[in-house]
Amino acid sequence: MKQQQIRISSLVLAMSIAGFTSQSYSSGFALIENSASGQGNAFAGAAAYAEDASTVWFNPAGMMKLDKNQILVAGHFITPSSSFTNGNSVDGLGNDLEGSNDDGGIDAFVANFYWVTDIREDMKFGLGVTTPFGLTTLYDDSWVGRYHAVESDLKTININPSIAYQVNEKFSVGGGINLMLADVTLTSMIDFGAVCYAALNQATCNAQGNIPQQTDGFGDLTGDNFSDLSWGLNLGLMYDFTPETRVGVAWRSETKVKAKGDANFTVPASAAFIQSSGLFINTGLSAEITLPQSVSVSLSHEMNKWQLLADITWTGWSSFEELRIKYDNPDQPDSVTTEAWDDTFRYSIGADYALNNKWTVRGGLAYDETPVPSAERRTARIPGNSRTWLSLGGTYNINQSFIVDVGYSHLFVDDTPINNTLESSIPTLNATLNGTYDSSVDILSAQLRWNY
């Protein structure tokens, strides 16, 4: 009985933590919103343009293109819509999953800070503070997919000191160290009626009041890496073929996040017998996830008043093979969720046009592939799909010292089917969320540059 309960505990816990991340607005759960000027042209040519101090993130070699020291502060307001329509969702007994449809999209604000200053004539120092991964999905706790996810909230802060060096008049290089803080909250409902049906016979469970979909508990998992800071590297180079045409190449390493935290459970009184074996008792937890490496190749070409831009970025999402949760409670085995994500490409083109010495307007188009390989691997925590970006923006030079940039993007997200079955060897726990997400995203960005 205890061994069976242990197996049940592990499998039900997997339902509570089916994802370690939340919905976001670039590939996978990455956030590309690291510049308002880049937002205006869909981040086309970002590793080659080096228009402002945000090049610390996109390509540190580009710092050598800045004529003055600069401080930049940017903010991005993100409004997603991610409406789910139920198809044929069923619990592990084959009964229709009860509950309403819901929209898990939540408005969010993301900020960036950059500073670039001279060290000597051929060398610059830069500092970037960004949010490269994250955002949130939040559903009602009575929605049809409540056993898959209720809240998923991942926040990251990346601190990126960098150095750039001018090798010669055409070639510059740069590199930096990335120190990342991460904080995560994951919650979901737990079907203790289904747990009882797997552990005891149906008549006994019904007599106790432990009926599937009518005896829900709650799982709340939190963690962070504050005691074990994550770190990585980034490198870049920039080469001017002519004064008008340059190419930029930038690489960011993988970053391993090791989080520790707590698992807290709310167990209905009728199912308290499960805790007598040491299961579903509040405990510590730990998890590791490898955030992907990326490579960007960008082109920038100046032609009269035009700046033409293009970019291809590869992201190594295949590093996200599984999520494994380990519990301090020895009665609770590891919970494992298979992800099996694919590597992705992002393609973008854009252009800036200088109206006069005060105003510049810009636009861009991008296509961003999803790493999720199939509807079966898509989860309610990360219900994203491939998306097309349409972006517009502009720059106003207040004077030589202060410059304002604004950018707007609308993301058209492909129709997003989901047919995700919770991983369990106990049939009563094999709930399947089946349906379609109808999603879109609007992003409004603004930043202020100070040249000094």
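How much space lies in the largest cavity? The answer is about 610 Å³, and it comes from a predicted model.

Let's start with the overall fold. The protein has six helices and 21 strands. Its radius of gyration is 24 Å, close to the 22 Å that the globule rule gives for 452 residues, so the protein is as compact as a globular protein of that length. Along the principal axes, the C-alpha atoms fill a box of roughly 80 × 40 × 30 Å. Of the 452 residues, 58% count as buried. Among contacts with a separation of 6 or more, 74% are between residues 24 or more positions apart. On the outside, the protein exposes about 17400 Å², and carbon and sulfur atoms supply 57% of that area.

Now for the empty space inside. Searching the whole structure turns up seven cavities of 30 Å³ or more. Here are two of them:

| Cavity | Volume | Lining residues by class |
|---|---|---|
| Largest | about 610 Å³ | 21 nonpolar, 16 polar, five charged |
| Second largest | about 120 Å³ | six nonpolar, seven polar, two charged |

The largest cavity is lined by 42 residues, and W57, R252, S294, S296 and T313 lie nearest its centre. Elements giving two or more residues to this lining include the helices α3 (46-49) and α4 (55-58), along with strands such as β6 (171-191), β12 (294-303) and β13 (306-315).

The second largest cavity has 15 lining residues, with S37, G38, A46, Y49 and S54 closest to its centre. Here the elements that give two or more residues are α2 (36-39), α3 and α4. If you are browsing the model, α3 and α4 are thus worth finding: they contribute to the lining of the largest cavity and to that of the second largest.

Definitions and conventions
Residues are numbered from 1 along each chain as its sequence is written. This is a predicted model: local features need pLDDT of at least 70, side-chain atom pairs count only at pLDDT 80 or more; totals for chains, interfaces and linings use all residues. Side-chain values use heavy atoms; hydrogens and water are left out. On a 1 Å grid over the protein atoms alone, a cavity is a set of points where a 1.4 Å probe fits but cannot get out, and a pocket is an open set with protein on both sides within 12 Å along at least five of seven lines; lining residues have an atom within 4 Å of a point. Grid points are joined across faces, edges and corners, and a volume is the space filled by probe spheres set on the points. Helices (H or I, at least four residues) and strands (E, at least two) are DSSP runs, numbered from the N terminus. Ala, Val, Leu, Ile, Met, Phe, Trp, Tyr, Cys and Pro count as nonpolar, Asp, Glu, Lys and Arg as charged, and the others, Gly among them, as polar. The radius of gyration is taken over C-alpha atoms; the globule rule is 2.2 Å times the number of residues to the power 0.38. Buried means under 20% relative accessible area, exposed over 50%, partly exposed in between (1.4 Å probe, protein chains only). Contact means heavy atoms within 4.5 Å. Accessible areas come from the Shrake-Rupley method with a 1.4 Å probe; for residues, only the protein chains shown count as cover.
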